[in-house]
Amino acid sequence: MTIPYYTLRNGDQVPQVGLGTYKLKGRAGVDSIKAALDIGYRYLDTAYNYENEGTVGQAIRESGLARDQIQVASKLPGRYHTYDLALTAIEESLYRAQLDYYDYYLIHWPNPKQGHYVEAWQALIEAKKRGYVKAIGVSNFLPEHIDRLIEETQEVPVMNQVETHPYFQQAKQIAYDRGHDILTQAWSPLGRGSEKMSESILEQDPIKEIAKKHDKTPGQVVLRWHLQIGTMPIPKSSHAVRLEENFRVFDFELDDSDMAQIARLDHPNGRTGAQNPAVYEEF
């Protein structure tokens, strides 16, 4: 199956669906990632703080695919936002994964109270010049944070990865990103689990009814919704059936009525106690 691509502001193309690797570790993690690559996934999202960059690198080596056929992204943790520490952390990320470069490297959270995210961004710019990474972006950044990056460095992120799902639709953030030619990636695109929600998104009647209408699963409906609002979902799963299901979302389209029903599920706090990047600090 050929997967469609988004074109980034720098001309690069990224698959419209990627694989999140949070909690995929060790031998089981390698096997899950290899299964995803066998299905056709070509974008892997990891992070320094996931402690699985080595797992991702091992899966790539065992996959039999050429390195340039797979796009890999990792993220800088908050404790390494100062310039020198950030560069060292990126080098360490590469050593862990045993990769020569990352396709994308993001600042994981802005940590505005700490106040060093511009310095971290300057380090990512230098890492790109050194060939450690091909392109740079951010994660969980609000418009005010991105505005400051652009004002102080004139370097615009190619992507911004934020929590996005039908309970937390992020319309203003997505509009801001689109206005600056920044791709919005969606973490937890299917929601953050029923234990943090009043009711799982996938159990909502409108989602189930739309799924029945299109002969698809609720998860496929939600991922299709992401594509139609122009975001790049990066769902995570360790199960082969679910990995396959999450990838098969390009052969149907939601109509205006479907989209309107999903729009009504939006909630100010996402029903999850969504972390506010203006105050949340990640280390």
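This short report walks through a sheet, two packed helices and one buried residue in a predicted model.

In this predicted model, local features need pLDDT of at least 70, side-chain atom pairs count only at pLDDT 80 or more, and totals for chains, interfaces and linings use all residues. Residues are numbered from 1 along each chain as its sequence is written, and side-chain values use heavy atoms, leaving out hydrogens and water.

Let's begin with the sheet. Eight strands (DSSP E runs of at least two residues, numbered from the N terminus) form an open, parallel sheet in the order E3-E4-E5-E6-E7-E8-E9-E10. Its edge strands, E3 and E10, each pair on one side only; pairing takes at least two DSSP bridges.

| Strand | Residues |
|---|---|
| E3 | 19-20 |
| E6 | 102-107 |
| E9 | 183-187 |
| E10 | 232-233 |

E9 and E10 pair over two bridges, and Gln-185 stands opposite Met-232 in E10.

Now for the helices (DSSP H or I runs of at least four residues). Helix H1 (residues 26-39) packs with H2 at an angle of about 50°, their axes 8 Å apart; axes are lines fitted to C-alpha atoms over the stretch in contact, and angles between N-to-C directions run from 0 to 180 degrees. H1 and H2 are therefore oblique to each other, that is, outside the ranges under 35 (roughly parallel), over 145 (roughly antiparallel) and 65 to 115 degrees (roughly perpendicular).

Finally, meet Asp-103 in strand E6. With 9% relative accessibility, Asp-103 counts as buried (under 20% relative accessible area, 1.4 Å probe, protein chains only).

Conventions:
Buried < 20%, exposed > 50% of the residue type's maximum accessible area, 1.4 Å probe, protein only.
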